[in-house]
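Work through the exercises below with the sequence and coordinates open. Each task is followed by a stepwise solution.

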Amino acid sequence: VIEALTAELVLAADLGAPGVRVFPQGEDPAVGARRLRAVAPEARRLGVRVLVETHDAMPTGAAVGRLLDETGEPETVGALWDLLHPWRHGESPADTLAALGDRLAYVQVKDAGPDLTPVPLGEGAVPLEEAGTLLRERGYDGWVSLEWERTWYPHVAPLEEVIPGAVTWAHRFS
């Protein structure tokens, strides 16, 4: 895992990317923290951050926050907030943002219906308004991207039909 992540950090630096997204596996923050600390010197040397997404075994800001606390490398390890996963696990946007704090470096915006099928922004149940307001009030100026998972949900609208709503959301909250 450490060798693969180090290779991804080198590739990201070669491409000029500011970070590499990782998905937390396992529920023991000590294991993940050990791996993140192991790559921290190389990430620092390359000027690339590792961004842990609220996903998989650590879907909430609280869980990712514990991992980041255990890692103790705020310059090289940050958080990627996928708005869907903390919400679907019962964590409010305010609690997610509080748990991630200044370590938040990237936000993935998407909306979904009750069955988690992607829908255009504003047509689902994800609290996009609340999240956007909190990010704006906090003065968040990091990356924001639309995540549209048509590969896994081929029956949803094509991307070109969804982008206008994402642009509108981004303009309202930036």
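The model is predicted. Just after helix 3, G72 takes a positive phi of about 65 degrees.

**Exercise 1.** List the buried residues of helix 3 and find what covers them.

Solution.
1. Helix 3 spans residues 61–71, and its buried residues are G61, A63, V64, G65, L67, L68 and T71.
2. The cover over these residues includes helix 2 (29–46), strand 2 (49–53), strand 3 (77–82), helix 4 (84–88) and helix 5 (93–100).

**Exercise 2.** Place E73, decide whether E73 is buried or exposed, and identify its salt-bridge partner.

Solution.
1. E73 sits in the loop between helix 3 and strand 3.
2. Its relative accessibility is 17%. The cut-off for buried is under 20%, so E73 counts as buried.
3. Leaving out residues up to four places away in sequence, E73 touches R37, A40 and R44.
4. With R44, the side chain of E73 forms a salt bridge, at 2.4 Å from N to O.
5. R44 belongs to helix 2 and E73 to the loop between helix 3 and strand 3, so the pair ties together parts 29 residues apart in sequence.
6. R44, at 42% relative accessibility, counts as partly exposed.

**Exercise 3.** Compare the settings of the salt bridges E147–K110 and E129–R172.

Solution.
1. A search of the whole structure gives 10 salt bridges.
2. The side chains of E147 and K110 meet at 2.5 Å, N to O.
3. E147 is in the loop between strand 7 (143–146) and helix 7, and K110 in the loop between strand 4 (104–109) and strand 5 (111–112), so this pair ties together parts 37 residues apart in sequence.
4. Both E147 and K110 are buried.
5. In the pair E129 and R172, the closest N and O atoms are 2.3 Å apart.
6. E129 lies in helix 6 (residues 128–138) and R172 in helix 7, so the parts tied together are 43 residues apart in sequence.
7. E129 is partly exposed at 45% relative accessibility, and R172 is partly exposed at 38%.
8. E147 and K110 also belong to a network of salt bridges that links them with R21, E53, D82 and E149.

**Exercise 4.** What are the volumes of the largest pocket and the largest cavity, and which residues line them?

Solution.
1. The largest pocket has a volume of about 330 Å³.
2. Of its 14 lining residues, V1, L5, V22, F23 and R35 are the closest to the centre.
3. Helix 1 (2–15) and helix 2 are the elements that give two or more residues to this lining.
4. The count of cavities of 30 Å³ or more is 1, and the largest cavity holds about 40 Å³ of space.
5. W81, L83, W87, E91, P93, T96, P127 and A131 line the largest cavity.

How values were computed: Residues numbered from 1 in each chain as written. Predicted model: local features only at pLDDT ≥ 70, side-chain atom pairs only at ≥ 80, totals over all residues. Heavy atoms only, no water. Buried < 20%, exposed > 50% of the residue type's maximum accessible area, 1.4 Å probe, protein only. Helix = DSSP H or I, 4+ residues; strand = E, 2+ residues; numbered from the N terminus. Contact = heavy atoms within 4.5 Å. 1 Å grid on protein atoms, 1.4 Å probe; cavity = no way out; pocket = protein on both sides within 12 Å on 5 of 7 lines; lining within 4 Å. Points joined across faces, edges and corners; volume = space filled by probe spheres on them. Salt bridge = Lys/Arg side-chain N within 4 Å of Asp/Glu carboxyl O.
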